[in-house]
2 protein chains.
Amino acid sequence: MIQKIDTIKKMQAISDKLRAENKIIACVPTMGYLHEGHLSLISKAREKADIVVTTLFVNPTQFGPNDDYEKYPRNVEADTKNAEKAGCDYLFVPNVDEMYSKNFQTTIHLSEITRKFEGEFRPGHFDGVATVVAKLFNAVKPHFAVFGRKDYQQTLVIKQMVKDLNIDVDIIVVNTVREKDGLAKSSRNVYLDADSREKATILFRTLKSAERMLLNGERKRFLINKEMENILNSIEDLKIDYAAAALSDNLAEPDEFSDNDEIVLLIAAKLGNTRLIDNLIVKI
Amino acid sequence: MIQKIDTIKKMQAISDKLRAENKIIACVPTMGYLHEGHLSLISKAREKADIVVTTLFVNPTQFGPNDDYEKYPRNVEADTKNAEKAGCDYLFVPNVDEMYSKNFQTTIHLSEITRKFEGEFRPGHFDGVATVVAKLFNAVKPHFAVFGRKDYQQTLVIKQMVKDLNIDVDIIVVNTVREKDGLAKSSRNVYLDADSREKATILFRTLKSAERMLLNGERKRFLINKEMENILNSIEDLKIDYAAAALSDNLAEPDEFSDNDEIVLLIAAKLGNTRLIDNLIVKI
């Protein structure tokens, strides 16, 4: 039976006890409203851990003033059932006051890796992410944590923070789960009406088209980016934040890629009021 | 026999093993050049822990460009002997490359508590302190850590960070150790020539004088500050950075203190090229 924990102290006490029993603890940080993407993270955690802790916390500090914090979808009851079914042992569900006391004043900031892409379009977003992930790790004390590749830059930010701060938690990244038509699973997909849902498939189709260019030998970055922009711009109501090819390990953007580079294709775009992101890794 | 550890991975492996054996681990973070003040921290740690880890690391990121990083006194050999004598089990002595890899890009920043006093006169200092202390805690994995009260604001910054980031390390603060004439023990005292060494006693005498004012019923902050400034200014070559009374728990500066307030008197001043700090807690 899955157990819900809502205070940091209780979570730490449980983890201390489990560690004293030599249990391997996995942490799956989420903002809840779990979909198959999240459940695949829990399954991956389940494979390698004795104990799986899923965290459900819609973290206010990673939302900007115009972001969708208030309306971000929530359903703790369904999440509890789904997490249990996927093999989760503990659900850590602190409320906002538990995580951010009145006098809260600490921020973890990363420089280079947060400057572009999501960092540019969502100022402060990665400060919020880095800080809350450090807090969640200190509450759950896991041996490893599992994140989805859909938030590609986030996985780089977290890996960098873990390395820089000597945080003794292994980071495992799991492939994006997609709908049959290629749309990346996302809690925000519920915002899409039928028309936008249809149009949203353009993100994955664009990524696949750019992937083909790379696999067919194109190495010029601006041509690949241009191709992605052209395809995306064919959709009415779609506003591109970025559509870019970069090196997968540090998001550097050379004018020309080289053979043996691993490239990440990154897209963020708004369809009406709904902001969608997706990415694809290409080894050339 | 004391053991020296110079890599984060080795330190973490040792701590994991000790924790699996249910040992209580204490961490005493220092920049080395240990004096009796440091040794009193190790003794305090010794009282309550099974294993005492002292860290020796002159942390470049907490020094400003005009600070004394390069010439900061170092003597690992003497430190090793003294730490062992005081009851230390492990010396964690990473080098700068071990602590800050080429691609390092993470900073922990605290807002309110770092704005005044040391934070004002040493911009970036507390970012360096907070970041390195988090790194040292993640390397040593202690149950508690011991700091000296001489760096008063630093103890507040660390307590705040530990609370904000859910770091499961108890913070113990130990009283300042002083020379017979009242000068607070400090690694930087070696910079003082005979004349400056004599003059340096003015800091503690000033604190005691302000303490008497408070104990005699003076509650007006500006009068207490003025008294400290007047005494300090009687010394030639002395340049005050600040001489201030504040509430001890958050460094707030009300115009008038109240009965039952706990007050900290804080001084930072330069004698020639040597910057000295000291403080005194007064319960009224």
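**Exercise 1. Find the residue of S5(B) that is the bridge partner of A:His109, and place this pair in the contact between the chains.**

Solution. Start with the pair itself: in this predicted model, A:His109 has B:Thr107 of S5(B) as its bridge partner. Next, look at the two strands as a whole. S5(A) and strand S5 of chain B, residues 106–110, run antiparallel and are joined by five bridges.

Now widen the view to the contact. Chain A brings 23 residues to it and chain B brings 23 residues. On the side of chain A that touches chain B, the elements giving two or more residues are helix H1 (8–20), strand S5 (106–110), helix H6 (125–140) and helix H7 (152–164). S5(A) gives the most there, with five residues. Finally, sort that side of chain A by residue type: ten residues are nonpolar, nine are polar and four are charged.

How confident is the predictor? The model scores ipTM 0.97 and pTM 0.98. For chain A, the mean pLDDT is 97, and 100% of the residues reach 70 or more.

**Exercise 2. Work out which residues of H3(A) are buried and which are exposed on the other side.**

Solution. First, list the buried residues of helix H3 of chain A, residues 76–86: they are A:Asp79, A:Ala83 and A:Ala86. Then check their directions around the axis. They cover an arc of only 60°, so they lie on the same side of H3(A).

Turn to the other side of H3(A), where A:Glu77, A:Ala78 and A:Lys85 are exposed. What lies over the buried residues? The cover includes helix H2 (36–48), strand S3 (51–56) and strand S4 (90–92) of chain A. To finish, step past the end of the helix: A:Gly87 follows H3(A), and its phi is positive, near 105°.

**Exercise 3. Describe how S2(A) is covered and how S2(A) joins S3(A).**

Solution. Count first: strand S2 of chain A, residues 25–30, is mostly covered, with six of its six residues buried. Next, split the strand by direction. A:Ile25, A:Cys27 and A:Pro29 point one way, while A:Ala26, A:Val28 and A:Thr30 point the other way, and all are buried.

Then add the partner strand. S2(A) and S3(A) run parallel and are joined by six bridges. One place to check this is A:Val28, which stands opposite A:Thr54 in S3(A).

**Exercise 4. Identify the residues with the most contacts inside the largest nonpolar core, and trace the contacts of B:Ala26.**

Solution. A general point helps to set the scene: in soluble globular proteins, nonpolar side chains tend to be buried together. Here, the largest nonpolar core has 163 residues, and A:Ala26 and B:Ala26 are those with the most contacts inside it.

Now follow B:Ala26 outward, leaving aside neighbours within four places in sequence. Its contacts include B:Ala45, B:Lys48, B:Ala49, B:Val52 and B:Val53. The list of contacts of B:Ala26 also has B:Pro142, B:Phe144, B:Ala145 and B:Val146.

**Exercise 5. Locate two residues with a positive phi that are not glycine, and decide whether each is buried or exposed.**

Solution. Recall the background: most residues other than glycine have a negative phi. The residue A:Lys141 has a positive phi near 50°. A:Lys141 sits in the loop between H6 and strand S6 (144–148) of chain A. A:Lys141 counts as buried because it has 21 C-beta neighbours inside 10 Å, and the cut-off for buried is 20 or more.

In chain B, B:Leu251 has a positive phi of about 65°. B:Leu251 belongs to the loop between strand S8 (238–247) and strand S9 (262–271) of chain B. With 20 other C-beta atoms within 10 Å, B:Leu251 is buried too.

**Exercise 6. Compare the surroundings of B:Val133 and B:Thr61.**

Solution. Begin with position: B:Val133 lies in helix H6 of chain B, residues 125–140, whereas B:Thr61 is in the loop between strand S3 (51–56) and helix H3 (76–85) of chain B.

Next, count neighbours. B:Val133 is buried because 26 other C-beta atoms lie within 10 Å. B:Thr61 has 18 C-beta neighbours inside 10 Å and therefore counts as partly exposed.

Last, list the contacts, not counting residues up to four places away in sequence. B:Val133 touches B:Pro29 and B:Ile158. B:Thr61 is in contact with B:Gly128, B:Thr131 and B:Val132.

Technical notes: Residues numbered from 1 in each chain as written. Chains lettered and ligands numbered in written order. Predicted model: local features only at pLDDT ≥ 70, side-chain atom pairs only at ≥ 80, totals over all residues. Contact = placed C-beta atoms within 7 Å. Helix = DSSP H or I, 4+ residues; strand = E, 2+ residues; numbered from the N terminus. Nonpolar A, V, L, I, M, F, W, Y, C, P; charged D, E, K, R; others polar. Pairing = 2+ DSSP bridges. Buried ≥ 20, exposed ≤ 12 C-beta atoms within 10 Å, placed from the backbone. Arc of directions from axis to C-beta. Core = buried A, V, L, I, M, F, W, Y, C linked by C-beta atoms within 7 Å. pLDDT = per-residue confidence, 0-100.
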